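Trainee: I'm new to this one, so please slow down for me. Take me closely through its salt bridges, and tell me how open to the outside their partners are.

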Amino acid sequence: MNLKQFAELAGVSTATASRALSGTGRVSEETTTRIAALAEKLGYQPNAIARNLRTQRTMTVGVLVPMGHDALQHLSDPFFNTMIGFLADALVEHGYDLLLSRVLPDDERWLDRYIGTGRVDGLLVIGQSDQYHVIESVARRYRPMVVWGGQMPGQRHCAVGSDNFRGGVMAAEHLIARGCRLLAYAGPRQGVEFGERLAGVRAALAAAGLPDPIELPSHFEPDAAYRDLAAHLGNLATMPDGIVAGADVTAASMLKALAEMGCDVPGTMRVIGYDGLPIAGHLVPALTTIDQQLREGARIMVDLLMRRIAGEEAASVRIEPRLLLRQST
């Protein structure tokens with residue numbers, strides 16, 4: 001049964017039937033109730049494809065996760081799991097479905113090609129990866145896109161994320177206040193977000209008259225990160241007394257490596273993460289972390305995207321990070 005046939009049975013115009021079933025437009029409560037009851041009785045479901053053709057909307061948002069920085073990283077990563085879940089919750093409240101894609105960029109046209117499919121009304125991009133310049137270029141001609149990530153001076157694309165530099169400062173200052181004097185920074189360094197976090201750590205150490213952090217670079221993927229960090233720790237001539245991890249997943253790998261070395265956390269080593277993932281509170285010891293307020297960030301991203309889909313202006317938003325104090329420091 002199509003909408004026209006259903007409307008004839010209901011004794012109303014197709015426009016009235018459509019508005020009553022979709023909950024849009026002006027239809028009396030009595031008519032809406034009657035049409036809803038008839039649809040329930042007949043098992044009638046409006047044709048979403050036909051509706052989308054009329055409205056020129058897919059009612060779907062693409063969620064892209066570019067992995068140009070590390071092909072080993074997967075969507076099973078706790079950060080992506082958490083962020084995607086929060087985005088899905090927020091999109092449902094606006095009546096939108098989510099189309100998820102993990103992207104391994106092979107050239108600078110990958111984002112244009114995705115947009116050209118016409119499958120979505122807008123895009124949410126989780127992380128700038130090493131694709132900042134691609135995202136920035138596309139933002140000049142494609143408006144309905146919001147990115148989780150860092151913000152640079154003069155940036156064109158709309159981004160939501162924590163103040164990563166401030167978060168790095170907070171992490172280092174916390175360890176310094178705990179008596180640490182030789183810090184290490186563990187984790188990825190690629191991408192705007194991680195570069196800002198490392199810069200914040202350096203700034204806090206310089207302000208305290210302490211040496212630059214020992215850098216312990218690692219992959220994002222937990223098993224690879226564990227191998228990287230274990231190798232670095234085994235080769236250090238002098239062990240730090242405090243470690244700032246660029247992400248909670250990195251911190252979890254670090255805690256594992258330190259435990260296998262017999263290092264007491266927080267007795268002889270203090271460790272702080274960055275993200276505020278729910279899983280961080282379940283590590284042993286429970287992880288002190290810089291909380292990015294991911295749920296709030298996801299809500300803001302979706303709200304900004306809805307405004308951009310509607311043709312409105314929507315500027316980037318920077319979220320103030322906060323310290324979640326737990327046993328690891």
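Mentor: Let's settle some words before anything else: a residue is buried when its relative accessible area is under 20%, exposed when that area is over 50%, and partly exposed in between. Keep in mind, too, that you're looking at a predicted model.

Now a quick look at the whole thing. The protein has 329 residues, and 50% of them are buried. Its chain forms 12 helices and 12 strands, and the C-alpha atoms fill a box of roughly 85 × 40 × 30 Å along the principal axes.

On to your salt bridges. Side chains of opposite charge can pair when their charged atoms come close. Search the whole structure here and you get 13 salt bridges. Let's go through some of them.

Start with Arg189 and Glu215, whose closest N and O atoms are 2.6 Å apart. Arg189 sits in the loop between strand 6 (183–187) and helix 9 (192–207), while Glu215 belongs to strand 7 (residues 214–217), so this pair ties together parts that are 26 residues apart in sequence. How open is each partner? Glu215 has a relative accessibility of 26%, so Glu215 goes down as partly exposed. Arg189 comes out at 42%, so Arg189 is partly exposed as well.

Next, find Asp303 and Arg299. Their side chains meet in a salt bridge too, with 2.7 Å from N to O. Here both partners lie in helix 12, four residues apart, which is about one turn of the helix. Run them through the cut-offs again: Asp303 has a relative accessible area of 27% and counts as partly exposed, and Arg299, with 36%, is also partly exposed.

While you're there, look at what helix 12 packs against. Helix 12 (residues 294–309) and helix 5 (residues 78–93) have axes 8 Å apart and pack at an angle of about 50°. That angle is why helix 5 counts as oblique to helix 12, and their crossing is right-handed. You can find a second oblique pair elsewhere: helix 10 (residues 222–235) and helix 11 (residues 248–260) have axes that come within 8 Å and cross at roughly 50°. Helix 10 is therefore oblique to helix 11, and that crossing is right-handed as well.

Back to the charges, with Asp106 and Arg113. Their side chains form a salt bridge with 3.1 Å between N and O. The two partners don't land in one class this time. Asp106 has a relative accessible area of 62%, so Asp106 is exposed, whereas Arg113 has 43% and is partly exposed. There's also a third member to find: Asp106, Asp107 and Arg113 are linked in a network of salt bridges.

For a contrast, leave the charges and turn to a nonpolar bit of the surface. Met1, Leu9 and Leu42 make a nonpolar patch there of about 310 Å². Leu9 is in helix 1 (residues 3–10), and Leu9 is exposed, with a relative accessible area of 55%.

So, to pull your close look together: Arg189 and Glu215 tie a loop to strand 7, Asp303 and Arg299 pair within helix 12, and Asp106 and Arg113 share a network with Asp107.

Note on methods. Residues numbered from 1 in each chain as written. Predicted model: local features only at pLDDT ≥ 70, side-chain atom pairs only at ≥ 80, totals over all residues. Heavy atoms only, no water. Patch = residues over 30% accessible without salt bridge, like charges linked within 9 Å, V, L, I, M, F, W, Y side chains within 5 Å. Areas by Shrake-Rupley, 256 points an atom, 1.4 Å probe, with all protein chains shown as cover. Salt bridge = Lys/Arg side-chain N within 4 Å of Asp/Glu carboxyl O. Helix = DSSP H or I, 4+ residues; strand = E, 2+ residues; numbered from the N terminus. Buried < 20%, exposed > 50% of the residue type's maximum accessible area, 1.4 Å probe, protein only. Axes fitted to C-alpha atoms, helices over the stretch in contact; angles between N-to-C directions. Parallel < 35°, antiparallel > 145°, perpendicular 65-115°, else oblique. Left-handed = near helix turned anticlockwise from the far one by under 90°.
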